[in-house]
Amino acid sequence: TICSRNLEISKEKQTKILEGLDRIEEFLVGDTRDSFSGDGDQDLPTGFSKDENDLQLRRQENLRLRQKLMRELYIVESLVHIIYLPFAHGDFNLQSVRGADVIARVCQKAYNLIKTIALGYYQNELYVSQWLNLYFHHAMSTNAVNNIGAEDTIISLVDNNKKLLELQITP
């Protein structure tokens, strides 16, 4: 099963769910795929060509527009439901999930999308940080064997982000 112990979901439907998340990622990354890496590294223009710089700026603007769409079309909330609901109602236990399980792969893809939606776009960083407590709970409840991507998402969000840390951590 992918979301519930009581509701059996066929392998075909599980594959469709994973493919749907892949299509969302393809749309989000779009024309920046060549210069985009999920770990936050981006190719910088060499500065030798105005056309090259213009193309890079246009790609960055396109990414920002798609990131904004992900927030405005409530894709972020859907992704949060994907990572929250299977564990919230006892259908799955984080400690018993393994990396090869379908639910682990779905959560990894969802966390990667959340990270990409926020990457380098301050408004989205603040927006997705409202679920930081959930990400922390998942990160503290998992390890290398049952990693679902929460820790990488937290690192991506708070790395060099003093303002976000100040908003989220109150003394």
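Me: When does a residue count as exposed?
Reply: A residue counts as exposed when its relative accessible area is over 50%, and as buried when that area is under 20%. The model here is a predicted one.

Me: Why is lysine 11 called exposed?
Reply: Lysine 11 has a relative accessibility of 64%. The cut-off is over 50%, so lysine 11 counts as exposed.

Me: Where does lysine 11 lie, and how far is it from valine 102 in sequence and in space?
Reply: Lysine 11 belongs to helix α1, which covers residues 11-29. Lysine 11 and valine 102 are separated by 91 residues in sequence and by 9.5 Å from C-alpha to C-alpha.

Me: What makes α3 oblique to α6?
Reply: The axes of α3 (residues 75-88) and α6 (residues 132-141) cross at roughly 55 degrees and come within 11 Å. Angles under 35 degrees count as roughly parallel and those from 65 to 115 as roughly perpendicular. The crossing angle of roughly 55 degrees falls in neither range, which makes α3 oblique to α6. The crossing is left-handed.

Me: Which residues of α3 and α6 meet?
Reply: From α3 come Val80, Ile83, Tyr84 and Phe87, and from α6 come Leu134, Tyr135 and His138. Six residues of this contact are nonpolar, one is polar and none is charged.

Me: Why are α6 and α7 called oblique to each other?
Reply: Their axes cross at roughly 135 degrees and come within 8 Å. Roughly perpendicular covers 65 to 115 degrees, and roughly antiparallel begins over 145. The angle of roughly 135 degrees belongs to neither class, and α6 and α7 are therefore oblique to each other. α6 passes α7 in a left-handed crossing.

Me: What makes up the contact of α6 with α7?
Reply: α6 contributes Leu132, Tyr135, Phe136, His138 and Ala139, while α7 contributes Ala150, Glu151, Ile154, Leu157 and Val158. Eight of these residues are nonpolar, one is polar and one is charged.

Me: Which residues touch the most other members of the largest nonpolar core?
Reply: They are Ile83, Phe87 and Tyr135, in a core of 35 residues. At least two residues of this core come from each of α1, α2 (50-72), α3, α4 (102-118), α6 and α7 (150-158). α4 gives the most, with eleven residues.

Me: What is tyrosine 135 in contact with, leaving aside its neighbours within four places in sequence?
Reply: Tyrosine 135 is in contact with Val80, Ile83, Tyr111, Ile114, Val128, Ala150, Ile154 and Leu157.

Technical notes
Residues are numbered from 1 along each chain as its sequence is written. This is a predicted model: local features need pLDDT of at least 70, side-chain atom pairs count only at pLDDT 80 or more; totals for chains, interfaces and linings use all residues. Side-chain values use heavy atoms; hydrogens and water are left out. Axes are lines fitted to C-alpha atoms, for helices over the stretch in contact, and angles run from 0 to 180 degrees between N-to-C directions. Helices (H or I, at least four residues) and strands (E, at least two) are DSSP runs, numbered from the N terminus. A crossing is left-handed if the near helix is turned anticlockwise from the far one by less than a right angle, and right-handed if clockwise. Contact means heavy atoms within 4.5 Å. Ala, Val, Leu, Ile, Met, Phe, Trp, Tyr, Cys and Pro count as nonpolar, Asp, Glu, Lys and Arg as charged, and the others, Gly among them, as polar. Buried means under 20% relative accessible area, exposed over 50%, partly exposed in between (1.4 Å probe, protein chains only). A nonpolar core is a set of buried Ala, Val, Leu, Ile, Met, Phe, Trp, Tyr and Cys residues joined through side-chain atoms within 4.5 Å.
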